[in-house]
Amino acid sequence: MTAAAGGRRGDSDVEVTLCPGGPMLLRGASHVVGEDGARHEVQRSVVAVCRCGSSARAPWCDGTHKLLA
Ligand code: FES
């Protein structure tokens, strides 16, 4: 999964946490741009972005990575 994220307006700090075998957590992001170039607005303070490529809700993690181990 390839994604780009933008920070909240006026605050460029976005905290990224990579979860082993799981998603990428973004704190403070305003949007995520998916592999297809579509922009997804972030409505929550923390969101989980899929890194395994198997989510049915891409770019968001839907927990499918837990079934892949
Ligand atoms: S990382 Fe959770 S579904 Fe892909």
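Which residue meets Arg-39 in a salt bridge through the side chains? In the predicted model described here, for which local features need pLDDT of at least 70 and side-chain atom pairs count only at pLDDT 80 or more, totals for chains, interfaces and linings use all residues. Residues are numbered from 1 along each chain as its sequence is written, and side-chain values use heavy atoms, with hydrogens and water left out.

The partner of Arg-39 is Glu-41, the separation from N to O being 2.5 Å; a salt bridge is here a side-chain nitrogen of Lys or Arg within 4 Å of a carboxyl oxygen of Asp or Glu. Glu-41 is partly exposed, at a relative accessible area of 42%, where buried means under 20% relative accessible area, exposed over 50%, and partly exposed in between (1.4 Å probe, protein chains only). Across the whole structure, the search finds 2 salt bridges. Another pairing of this kind is that of Arg-27 with Glu-15, whose closest N and O atoms are 3.5 Å apart. This pair links distant parts of the chain, 12 residues apart, with Arg-27 in strand 3 (residues 24–27) and Glu-15 in strand 2 (residues 15–18); strands (E, at least two residues) and helices (H or I, at least four) are DSSP runs, numbered from the N terminus. Both residues are partly exposed, with relative accessible areas of 33% for Arg-27 and 44% for Glu-15.

The strands that carry this salt bridge, strand 2 and strand 3, run antiparallel and are joined by 4 bridges, pairing being assigned if DSSP finds at least two bridges between two strands. Among the bridge partners, Val-16 is matched with Leu-26 of strand 3, and Thr-17 with Leu-25 of strand 3. The two strands form a hairpin with 5 residues between them, and Gly-21 in the turn has a positive phi of about 70 degrees. The hairpin strands also belong to an open sheet of 3 strands in the order 2-3-6, with antiparallel pairing. Strand 2 and strand 6 (46–49) are the edge strands, each pairing on one side only. From one strand to the next, the twist averages 20 degrees, the axes being lines fitted to C-alpha atoms and the angles running from 0 to 180 degrees between N-to-C directions.

As to the cysteines, the structure holds 0 disulfides, a disulfide being a pair of cysteine sulfur atoms within 2.5 Å. For Cys-19, the closest cysteine sulfur is that of Cys-61, and the separation of 8.3 Å is too far for a bond. Cys-52 is partly exposed, with a relative accessible area of 33%.
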